[in-house]
Amino acid sequence: MFAIVKTGGKQYRVEPGLRLRVEKLEAEPGSQVELPVLLLGGERTLVGTPFVEGAKVVAEVLGHGKGKKITVSRFKAKVQYRRKKGHRQPYTEILIKEIQG
């Protein structure tokens, strides 16, 4: 059985036992979070409008971190304009425990 869940403005295909990095969630490491289900797949497929009623995915928060550094540069010719900026996107690592529904 698998499910399509939505978190952080993105959609992910999840199965029990999957470790996943999602956009940062406001949850303590070791706690459990419930994610809304857009689609349930397996023997039969259920599509939500927009979410599947009575279905949820339970996940355990493993920890928080930051991604690799991304360098953003801007340059304009002939006017001595240069800007350099770095960014590290925060994430939350979760472990999918079970799919209910």
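How many aromatic pairs does the structure hold? The structure holds zero aromatic pairs. This is a predicted model, and the values below are computed from it.

Two aromatic rings do have a charge placed over them. The ring of F2 has the charged end of R13 over it, with 4.1 Å between that end and the centre of the ring. The ring of Y81 is covered in a similar way by the charged end of K76, here at 5.3 Å from the centre.

The fold of the chain can be taken next. Its secondary structure consists of nine strands and zero helices, so that, read from the N terminus, the order of elements is β-β-β-β-β-β-β-β-β. Of the contacts in the chain with a separation of 6 or more, 62% are between residues 24 or more positions apart.

The overall dimensions follow. The C-alpha trace spans about 60 × 30 × 20 Å along its principal axes. The chain has a radius of gyration of 19 Å, whereas a compact globule of 101 residues would have one near 13 Å. About 7,300 Å² of the chain is exposed, and 49% of this area is supplied by carbon and sulfur atoms. Of the 101 residues, 32% are buried.

Part of the buried portion forms a nonpolar core. In soluble globular proteins, nonpolar side chains tend to be buried together. The largest nonpolar core here has 20 residues, and those with the most contacts inside it are A3, V5, V14, V37, L40, V57 and I94. Two or more residues of this core come from each of β1 (2–7), β2 (10–14), β3 (19–23), β4 (32–41), β6 (56–66) and β9 (90–100). The largest contribution is that of β4, which gives four residues.

V37 is one of the core residues with the most contacts inside the core, and its surroundings can be listed. Leaving aside residues up to four places away in sequence, V37 touches A3, I4 and V5, as well as P50, F51, V52, A55, K56 and V57. Among these, A3, V5 and V57 are also named with V37 as residues with the most contacts inside the core.

A last residue to look at is T7, which lies in strand β1. Is T7 buried or exposed? T7 counts as buried because its relative accessibility is 8%, and the cut-off for buried is under 20%. Outside the residues up to four places away in sequence, T7 touches Y12, V22, L25 and L35.

Methods: Residues are numbered from 1 along each chain as its sequence is written. This is a predicted model: local features need pLDDT of at least 70, side-chain atom pairs count only at pLDDT 80 or more; totals for chains, interfaces and linings use all residues. Side-chain values use heavy atoms; hydrogens and water are left out. Rings of Phe, Tyr and Trp (its six-membered ring) pair if their centres lie within 6.5 Å; planes under 30 degrees apart count as stacked, over 60 as edge-to-face and the rest as tilted. A charge sits over a ring if NZ of Lys or CZ of Arg is within 6 Å of the ring centre and within 35 degrees of the ring normal. The radius of gyration is taken over C-alpha atoms; the globule rule is 2.2 Å times the number of residues to the power 0.38. Buried means under 20% relative accessible area, exposed over 50%, partly exposed in between (1.4 Å probe, protein chains only). Contact means heavy atoms within 4.5 Å. Accessible areas come from the Shrake-Rupley method with a 1.4 Å probe; for residues, only the protein chains shown count as cover. A nonpolar core is a set of buried Ala, Val, Leu, Ile, Met, Phe, Trp, Tyr and Cys residues joined through side-chain atoms within 4.5 Å.
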